[in-house]
Amino acid sequence: MNLASRGILLVLDGWGHAPPGPANALSRAAMPDIDSLIAERPSTLVQASGEAVGLLPGTVGNSEIGHMVIGAGRPLPYDSLLVQRQIETGALADHPLLNEVCAKLAATGRALHLVGLCSDGQIHAHVDHLRELLRIAASSGVPAVWIHAITDGRDVGDGTAAGYLDLVEKFAAEAGTGRIATVIGRGYALDKSGDLELTGAAMRAIADGVGVGVARARDALDGQRSDVWVPPSVIVEAEDTPPGVVGQGDAILFTNFRSDRIQQLADALVTHLAARDVTVLSLARYDTRAAIPPLVDRADASGGLADELERHGLRSVRIAEGEKFEHVTYYLNGRDDRVRAVEEHVRITGDDPPDYRSRPEMNLPLVVDAVTEAARRADVALVVANLANIDVVGHTGDAEATVAAAEHTDAAVGRICAAAGETGRWVLLVGDHGNAEQMTRPDADGGLRPYGGHTTNPVPLVYVPAPHGRSAGGELKSEGTLADVAPTVLALLGHPPGAAMTGRSLL
Ligand SMILES: O=C(O)[C@@H](CO)OP(=O)(O)O
Ligand SMILES: [Mn+2]
Ligand SMILES: [Mn+2]
């Protein structure tokens, strides 16, 4: 392979584009390296949200779909969209497995437990799906439906949980069934770091009714520091045991459509409830250890960049910190957990602070070292790395810390581009969805409140040619999407897009 055709694909997580302004942490940050790349190198903006990537129109992008589409080279109908379609066509209401489980509960007098994130953030879940499931349960005659409400405050503004709990109660009243049994912050219920104490606390509330006792769902929020960290709380209506515990012969249906953050809890519950003869279902397919039957299955994501690299015998090294490791491996490879013979997966581990505001640099120097080391290897055609800081720190909603995260990211990009220059590589930089470029959101009173969630903004794509390699004309093609990234990478490596790709090279 021509030396100059080797490269580095850098995903800057949460790197969206918006006009400069006080709420734009990226325009506020001093980012000399990235600014000069954008000024001097071919660059463009690409779509990373909504229909362009396989989401419902107007839906914010996220890391899963972002990395999947970057890898697949085509938009992929995402799980949320597939669920929505099934609701609209009536297929979910007619779902044979759901009907069978509901009929059994009706016949045996047992309860259905709905467990999921209660917001309309549309990254992990949508409260409208819960509404539909309440309707279906009611019309199937399920005698009791318990809702285990996970509060959000991350995909939607912090401080909004009370409104969503009220909404859930309204949906239940409309459907004529459903009561909130537990209220649990996503920090506990959706931990994905392997912290089994957090997961265990959520699990005991759901399964056994052990937690902070409150009289009404909203009371769980009283005096809490954020919606994310609402301690596992159990609604106790009388002096006796909480009514919503999971009993012998009950069924649990997880209502999140995205797997990564609910699977630790789902696995813990399946293990914990093994002796209780509980039927467990999930709305979409999960990557749990236990096989949980999904109501809606995934779209095929094969034929992407990983398959093409393998076909051409091109070695790639994937590098990211724990928070984004699956994204540059499993998701980029189309939710395929094989490590192909031509791949190396490097998970950067450092010490992770409980609150990223205190260390916006995260473990970035270690990521840069690993990228530099891989870039020096002649046998590696492509280095793929995710720089997580802008997104992960952006999620705290703390604009000052996010400015610092952006400045660390800029310095890292500078170091990586220097290493690329020394090793004769090109670099392609791209965001996977917006986040840090929009750190406030209007609130109901016409004011602005801090916002740490994702956005629908386009993301930058910047091409830094190798020192003696192919250079694109002045600009990259416009009107691209994340689906064009893999074809662009393949073109730079000297290959056409894969047959399954509908994206095109933007060179
Ligand atoms: O952290 C997460 O789970 C989501 C936001 O809920 O972000 P991302 O899609 O970037 O992983
Ligand atoms: Mn992301
Ligand atoms: Mn994110």
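These legends walk through the whole protein and then helix α7.

This is a predicted model, in which local features need pLDDT of at least 70 and side-chain atom pairs count only at pLDDT 80 or more, while totals for chains, interfaces and linings use all residues. Residues are numbered from 1 along each chain as its sequence is written, and chains are lettered from A and ligands numbered from 1 in the order in which they are written.

**View 1. The whole protein.** Here you meet 16 helices and 18 strands (DSSP runs, numbered from the N terminus: helices are H or I of at least four residues, strands E of at least two). The C-alpha atoms fill a box of roughly 75 × 45 × 35 Å along the principal axes. Of the 507 residues, 57% are buried (20 or more other C-beta atoms within 10 Å of a residue's own; exposed is 12 or fewer, partly exposed is in between, and C-beta atoms are placed from the backbone).

**View 2. Helix α7 from end to end.** Residues 161–175 form this helix of 15 residues, which reaches 21 Å from its first C-alpha to its last, close to the 21 Å expected (1.5 Å times one less than its number of residues). Just after α7 comes G176, with a positive phi near 85°.

**View 3. The two faces of α7.** The buried residues of α7 are A161, Y164, L165, V168, F171 and A172. They sit on the same side of α7 because they cover an arc of only 120° around the axis (taken from the directions from the helix axis to the C-beta atoms). Turned away from that buried side are the exposed residues D166, K170 and A173.

**View 4. What covers α7.** The cover over its buried residues includes α6 (127–139), β4 (144–151) and β5 (179–185).

How values were computed:
Contact = placed C-beta atoms within 7 Å.
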